[in-house]
Amino acid sequence: MTWDWHYTGEILPDLLDGLRVTVIATLLGYLIALVLGLVWTLLRRTPSRIVNQTVRWVVEFIRSTPLLVQLFFIFYVLPGWGLTLGALTAGVIGLGLHYSTYTSEVYRAGIADVPRGQWEACTALNLPRRRAWQDVILPQAVRKVVPALGNYLIAMFKDSPMLLAINVVELLGAAYHAGAETLRYLEPITVVGVLFVIVSVLSSIVVRRLEARYATH
Amino acid sequence: MPPTDTAPATPEESSENVPAGTARGAPDVPPQRTDAPGIRFEKVVKRFGRNVVLRELDFEVAPGERVTLIGPSGSGKTTILRLLMTLEKVDGGVIWIGDRPLSHMRRGDRLVPANEKHLHEMRKQVGMVFQQFNLFPNMNVLRNLTEAPMRVLGLSKDEAVERARRLLDMVGLADKIDAHPSQLSGGQQQRVAIARALAMEPKVLLLDEVTSALDPELVVGVQDLLRDIARGSDLTMLCVTHEMGFARDISDRVLMFDQGQIVEEGPPERIFEEPAEQRTRDFLQAVLAS
């Protein structure tokens with residue numbers, strides 16, 4: 001089997017369309033993961049045992065089940081309960097929900113890493129708890145975990161082809177469709193690999209930059 | 001300030017209870033020490049697990065008095081400061097600031113453990129400087145000094161900045177206003193931390209081994225600053241230190257602690273020159289030898 005450049009050129013626009021969907025799904029999912037992860041972490045620190053234990057088990061459950069199962073659940077099971085979501089929406093929610101359990105762990109570690117003296121200074125200055133969190137603890141915790149959070153962005157990007165299973169035409173899906181029409185898979189699948197590498201490398205560079213910037217103070 | 005926490009002997013409050021650089025130029029009269037409240041520990045017990053750090057400790061600090069706590073490590077000195085800053089809770093007994101309970105609050109004629117609201121109210125009178133400075137590394141020097149005055153005391157930004165500038169001037173760091181803590185030496189950080197504590201205009205200042213983490217050549221600057229503050233203000237001060245020269249300079253009274261109990265107390269000259277107790281002699285010898 002030889003490489004056909006002409007064919008590659010023909011399928012490339014479709015693949016780039018797929019890449020666009022992949023990037024959108026990843027970024028939206030990541031946004032959900034960043035926000036929801038923080039919500040989990042903060043809820044787990046509330047004094048109410050009912051709240052923090054419930055959240056603990058929910059998070060543990062989500063983390064211990066495969067992303068693919070969760071995607072199927074959201075896309076195929078929820079409509080039975082009256083909640084029908086578009087494929088891309090279901091995919092974004094699935095990715096975000098799944099990865100929020102990882103980012104939650106990252107935030108937890110970052111918060112635990114803020115020295116106790118910082119809390120004590122907040123008390124000594126009589127800062128209310130919410131202020132202490134907002135102005136002192138979280139800014140320091142988040143700074144420390146920017147690299148770890150960035151790595152999850154890249155991991156999530158590489159997990160996004162799973163959305164193919166719920167019929168989202170993302171990058172791999174686009175390649176699969178192109179291949180199915182012509183029965184030539186070499187070019188589309190190879191291009192998918194190359195595009196993943198390019199985006200991953202670019203993201204790593206951005207993440208390293210962020211890391212360097214947040215490490216200064 | 002709350003109406004009930006001063007001795008009734010104060011018809012007028014001095015609004016100027018922060019030294020603000022007045023120390024050096026101040027006329028040679030003893031400071032008026034009526035605005036600050038006294039402190040009383042009443043059978044205070046503090047345990048960490050099975051380790052009893054304070055056992056039914058009783059002592060009093062007069063309004064405006066400067067007291068230094070000395071003693072071997074683990075003798076409970078730092079715990080006393082931490083209890084006063086409400087960083088720890090008492091396991092028994094009551095702590096009073098002025099005529100109001102700190103660890104407890106009044107409900108009818110009974111005392112019940114303090115809730116957060118009461119603690120918040122009482123903490124307004126107390127400031128603390130820590131061994132490890134504990135500046136906020138995510139904020140510059142100015143913001144470190146304005147954060148709490150704005151968020152807690154409700155000062156406007158202009159008022160808070162003005163106060164911060166005045167205090168930075170006093171601690172000799174006016175030029176570091178935009179610096180981040182990581183860009184400052186330990187001595188400079190501690191001076192900023194002192195300014196930050198004073199920005200809240202406390203009436204009681206707690207100093208917890210404030211020079212222990214500093215390189216030797218930086219100790220003197222911080223001590224000089226604190227001497228000026230002690231001289232130019234009416235703050236009630238409690239100080240834990242291993243620097244006996246400094247303790248002698250700033251204190252009216254020295255309390256020697258061992259195993260959560262006061263072994264002996266008195267004016268610094270007497271404690272340092274003719275200690276009555278063997279344990280005090282042993283301790284002073286060990287400190288001076290180090």
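This presentation covers a predicted model with chains A and B, taking the contact between the chains, the sheet and helices of chain B, and the annotated spans of chain A in turn.

A word on conventions. Residues are numbered from 1 along each chain as its sequence is written, and chains are lettered from A, and ligands numbered from 1, in the order in which they are written. Because the model is predicted, local features need pLDDT of at least 70 and side-chain atom pairs count only at pLDDT 80 or more, while totals for chains, interfaces and linings use all residues.

I begin with the two chains. Their contact takes 16 residues from chain A and 21 residues from chain B, where two residues are in contact if their C-beta atoms, placed from the backbone, lie within 7 Å. On the side of chain A that touches chain B, helix H5 (116-124) and helix H6 (129-159) of chain A each supply at least two residues. Helices (H or I, at least four residues) and strands (E, at least two) are DSSP runs, numbered from the N terminus. By class, that side of chain A has six nonpolar, six polar and four charged residues. Here Ala, Val, Leu, Ile, Met, Phe, Trp, Tyr, Cys and Pro count as nonpolar, Asp, Glu, Lys and Arg as charged, and the others, Gly among them, as polar.

Next, the sheet. Chain B has an open sheet of four strands in the order E2-E1-E4-E5, with antiparallel pairing; two strands pair if DSSP finds at least two bridges between them. Strand E2 (51-61) and strand E5 (100-101) of chain B are the edge strands, each pairing on one side only. Strand E1 (residues 39-48) and strand E4 (residues 92-97) of chain B are joined by five bridges, and Glu42(B) has Val94(B) in E4(B) as its bridge partner.

What is the angle between helix H4 and helix H6 of chain B? H4 (residues 141-151) and H6 (residues 186-198) of chain B pack at about 25 degrees, with their axes 8 Å apart. Axes are lines fitted to C-alpha atoms, for helices over the stretch in contact, and angles run from 0 to 180 degrees between N-to-C directions. H4(B) and H6(B) are therefore roughly parallel, a term for angles under 35 degrees. In this packing, Val141(B), Asn144(B) and Leu145(B) of H4(B) meet Val192(B), Ala195(B) and Arg196(B) of H6(B).

Finally, chain A. An unreviewed UniProt entry places the feature "transmembrane region" at residues 20-43, 81-99 and 185-207 of chain A. Residues 20-43 of chain A are 100% helix, with end C-alpha atoms 34 Å apart.

Terms used
Parallel < 35°, antiparallel > 145°, perpendicular 65-115°, else oblique. UniProt positions renumbered as here; feature names shortened; annotations may be inferred.
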